[in-house]
Amino acid sequence: MNKNNDWRFETLDMRKLFILISICLISHICFAKSTAMDTVSIQDAFTKRLISLEIKGVGGYQGRCIKMKVKNIQSVSLSITIEAGRRLDSKDSNEQDILVIKDTMLVLLANQEKTFAVVGYCCQAHNHAPKQKSNFTIGSLEKGMLYNLARYINRTPLPTDVIQYAIWVVSDGINPAAIRDDGSAAIQGLRSFISFEKKI
């Protein structure tokens, strides 16, 4: 093989290497753009018309008692958070509003729709429990003691009945003695937290 042929092969190899590196760089940039998503609250996403949203009760007023159907109506992926401390408003004034007590993160691809459960508890003790398929609005973040309590519960494992009565102590002013005390550190901590918040 002569020197001219050697030069041609070397040039061809360099071109292949250059094309391969270019493809890798472009793929990396595209992947980085697709994965670098800003996280927005569900309220902001709904207000800015990034999503369509349907919120319904599943029957009951504790635990996974709410289902949300969310559709990303954008051509890019979207990361959404549903925050502990958000009060979902019942469209029926006789039915209970629901306080979200667990943060939920939801990632939607472009134009993707998902239905998922939201963990929440009643924060209107004297209203009726939401019926199955009862309608809710996105509501707003609570303020003050109820928001602080929801954030506390979000990071503290507690029994269902204890969570519910703790919320009613703050939302409806029931006697704190209604919170069952089993002597555990978790419930002692909750009772101390509520006493501090309510200054009692």
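# A tour of helices, a sheet and a salt bridge

H3 crosses H5 in a right-handed sense. Keep in mind that this model is predicted.

**Stop 1: H3 and H5**

Select helix H5, residues 185–198, together with H3. Their axes come within 11 Å. The crossing angle is roughly 165°. An angle over 145° counts as roughly antiparallel, so H3 and H5 are roughly antiparallel to each other.

Now show the side chains. On H3, pick Met145, Asn148, Leu149 and Tyr152. On H5, pick Ala186, Gly189, Leu190, Phe193, Ile194, Glu197 and Lys198. These residues meet where H3 and H5 touch. Colour them by class: 7 are nonpolar, 2 polar and 2 charged.

**Stop 2: H3 and H4**

Keep H3, residues 144–154, and add helix H4, residues 160–171. The axes of H3 and H4 come within 9 Å. They cross at roughly 165°. H3 and H4 are therefore roughly antiparallel to each other. Their crossing is right-handed.

Which residues of H3 and H4 make the contact? From H3, select Met145, Leu146, Leu149 and Ile153. From H4, select Ile163, Ala166, Ile167, Val170 and Ser171. By class, this contact of H3 with H4 has 8 nonpolar residues, 1 polar residue and no charged ones.

Pause on Met145 and Leu149. Both belong to the H3 side of the contact with H4. Both also appear on the H3 side of the contact with H5.

**Stop 3: the sheet**

Leave the helices and select S1, S4 and S7. These 3 strands form an open sheet, in the order S1-S4-S7. The pairing is mixed. Which strands are at the edges? They are S1 (39–41) and S7 (104–108), each pairing on one side only. On average, neighbouring strands of this sheet are turned by 30° against each other, direction ignored.

Zoom in on S1 and S4, the latter covering residues 78–82. S1 and S4 pair in the parallel sense, over 3 bridges. For one partnership, click Thr39: its bridge partner in S4 is Ser79.

**Stop 4: a salt bridge**

How many salt bridges does the model have? The count comes to 8. For one of them, select Arg87 and Asp97. Their side chains meet in a salt bridge, at 3.0 Å from N to O. Arg87 is in strand S5, residues 86–90. Asp97 lies in the loop between S5 and strand S6 (98–100). The two residues are 10 apart along the chain, and the pair links distant parts of it.

Methods. Residues are numbered from 1 along each chain as its sequence is written. This is a predicted model: local features need pLDDT of at least 70, side-chain atom pairs count only at pLDDT 80 or more; totals for chains, interfaces and linings use all residues. Side-chain values use heavy atoms; hydrogens and water are left out. Axes are lines fitted to C-alpha atoms, for helices over the stretch in contact, and angles run from 0 to 180 degrees between N-to-C directions. Helices (H or I, at least four residues) and strands (E, at least two) are DSSP runs, numbered from the N terminus. Angles under 35 degrees count as roughly parallel, over 145 as roughly antiparallel, 65 to 115 as roughly perpendicular and the rest as oblique. A crossing is left-handed if the near helix is turned anticlockwise from the far one by less than a right angle, and right-handed if clockwise. Contact means heavy atoms within 4.5 Å. Ala, Val, Leu, Ile, Met, Phe, Trp, Tyr, Cys and Pro count as nonpolar, Asp, Glu, Lys and Arg as charged, and the others, Gly among them, as polar. Two strands pair if DSSP finds at least two bridges between them. A salt bridge is a side-chain nitrogen of Lys or Arg within 4 Å of a carboxyl oxygen of Asp or Glu.
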